[in-house]
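Here are a few short exercises to work through with the model open beside you. Try each task before reading its solution.

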Amino acid sequence: MRVLGIESSCDETGLALYDTDKGLLAHALHSQVALHAEYGGVVPELASRDHIRCLVPLLREVLSRAGCVMQAIDVVAYTQGPGLAGALLAGAAFAEGLAVSLNKPVLPVHHLEGHLLSPLLAADAPEFPFVALLASGGHTQLMAVTGVGHYELLGETQDDAAGEAFDKTAKILGLPYPGGPALSRLARSGRPGLFELPCPMLNSGDFNFSFAGLKTAVLTQVHKRGETADAQFTVDLARAFQDAVVKVLTQKSFAALRHAGMRRLVAAGGVGANWQLRQSLDAAAQARHCRVYYPALEFCTDNGAMIAFAAALRLQSGVEVARPAGTFAIKPRWPLSDI
Ligand code: KG4
Ligand code: ZN
């Protein structure tokens, strides 16, 4: 069975074709980074329009790379939520319309389920059960995963998501959008231990997070240094910020593993691409005889492959698909525990 996956929840249009026998046949992605850069963040209306512009060319590209015709698609899967309403509508309307025209069923997918299952796309995939750390621009959650569709929320951020904290802190440090990857690159040459930043909720005794205060602490340091701030100051402060986020994410992830009695950790979502987080999780895992699994770097941030793949796993686990009913709904706010 061949599943077309369509992702359009934020600022990336991603399409992919996944074959339940042969694996991932092809995928294509258009990032809107250049479009939003001059505004310093995602402009929802521009995002929606750009998705509409890119969906058809990306579908053609995926089909051509896969060497398939349109009729070879058996199921059309798309991100139903959570995300930006207009952006989701663009993908959902396209998917539903395509399914009607092909007379094929549709399968709406939860964006976070796509992230959560994305490490299973890799050749060396983890087995169930595992704890998943989902750290993206919109979410930071720890989930106990016992199978496809069986996700127990252990804890989540009480304010900013980890990626959001990266992006806001990057802005404070004068880095261009998208801030997370830029800050992470800068932090590579930062000297550790030069600033005392808080590690929010590190010892809260639960699996929740809070990152808003950390960004404020960075702002305080910037104000304190004032005019005398130089390039090295910025680099060292970026490192201190990253150290704090990585420490909290690592410590809480392993506390969650202990609590769940599991040995496998999956780290997914955009922040899962962070080099220092990967180093820290791997070192902690080695010391505890555990193992961490990551998606390929290209599938850490938003993409169509994870949506096609999550839909394929759902189909294999017996979920029912339906023909398009002529009406559809998007879910901009949608807890993963509600699927
Ligand atoms: O998963 P994703 O593409 O979109 C959401 O579902 O939100 O994650 C995007 C987030 C952004 O906040 C971005 O700054 C952050 O992930 N990000 C990173 C890195 N790469 C992406 N944060 C830290 N280090 C990175 N290397
Ligand atoms: Zn995402």
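A residue counts as buried when its relative accessible area is under 20%, exposed when over 50%, and partly exposed in between. Keep in mind that this is a predicted model.

**Exercise 1.** Find the protein donors of the zinc ion (ligand 2) and state how far they lie from it.

Solution. Start at the metal: His111 (NE2), His115 (NE2) and Asp302 (OD) lie 2.0 to 2.1 Å from the zinc ion (ligand 2). Next, place two of them in the chain. His111 sits in helix α4 (residues 111–117), while Asp302 is in the loop between β10 (291–293) and α10 (304–316), so the pair, 191 residues apart, links distant parts of the chain. Written as a sequence pattern, the donor residues follow H-x3-H-x186-D. Finally, apply the cut-off from above: His111 and Asp302 are both buried.

**Exercise 2.** Work out which arrangement the four donor atoms form around the zinc ion (ligand 2).

Solution. Four donors are tetrahedral if all angles lie between 85 and 135 degrees. Here the angles run from 93 to 134°, so the arrangement is tetrahedral. For reference, the ideal angle for four tetrahedral donors is 109.5 degrees.

**Exercise 3.** Decide how many disulfides the model has, and explain why Cys54 is in no bond.

Solution. The sulfur atoms of a pair must be within 2.5 Å. By that rule there are zero disulfides. For Cys10, the nearest cysteine sulfur is that of Cys54, 14 Å away. Cys54 has no partner because its closest cysteine sulfur, in Cys10, is 14 Å off, too far for a bond. As for accessibility, Cys54 is buried at 6%, whereas Cys10 is partly exposed at 24%.

Key. Residues numbered from 1 in each chain as written. Chains lettered and ligands numbered in written order. Predicted model: local features only at pLDDT ≥ 70, side-chain atom pairs only at ≥ 80, totals over all residues. Heavy atoms only, no water. Buried < 20%, exposed > 50% of the residue type's maximum accessible area, 1.4 Å probe, protein only. Donors = N, O, S within 2.8 Å, 3.2 Å for Na, K, Ca; no water. Tetrahedral: all angles 85-135°; square planar, octahedral: opposite > 155°, others 65-115°. Helix = DSSP H or I, 4+ residues; strand = E, 2+ residues; numbered from the N terminus.
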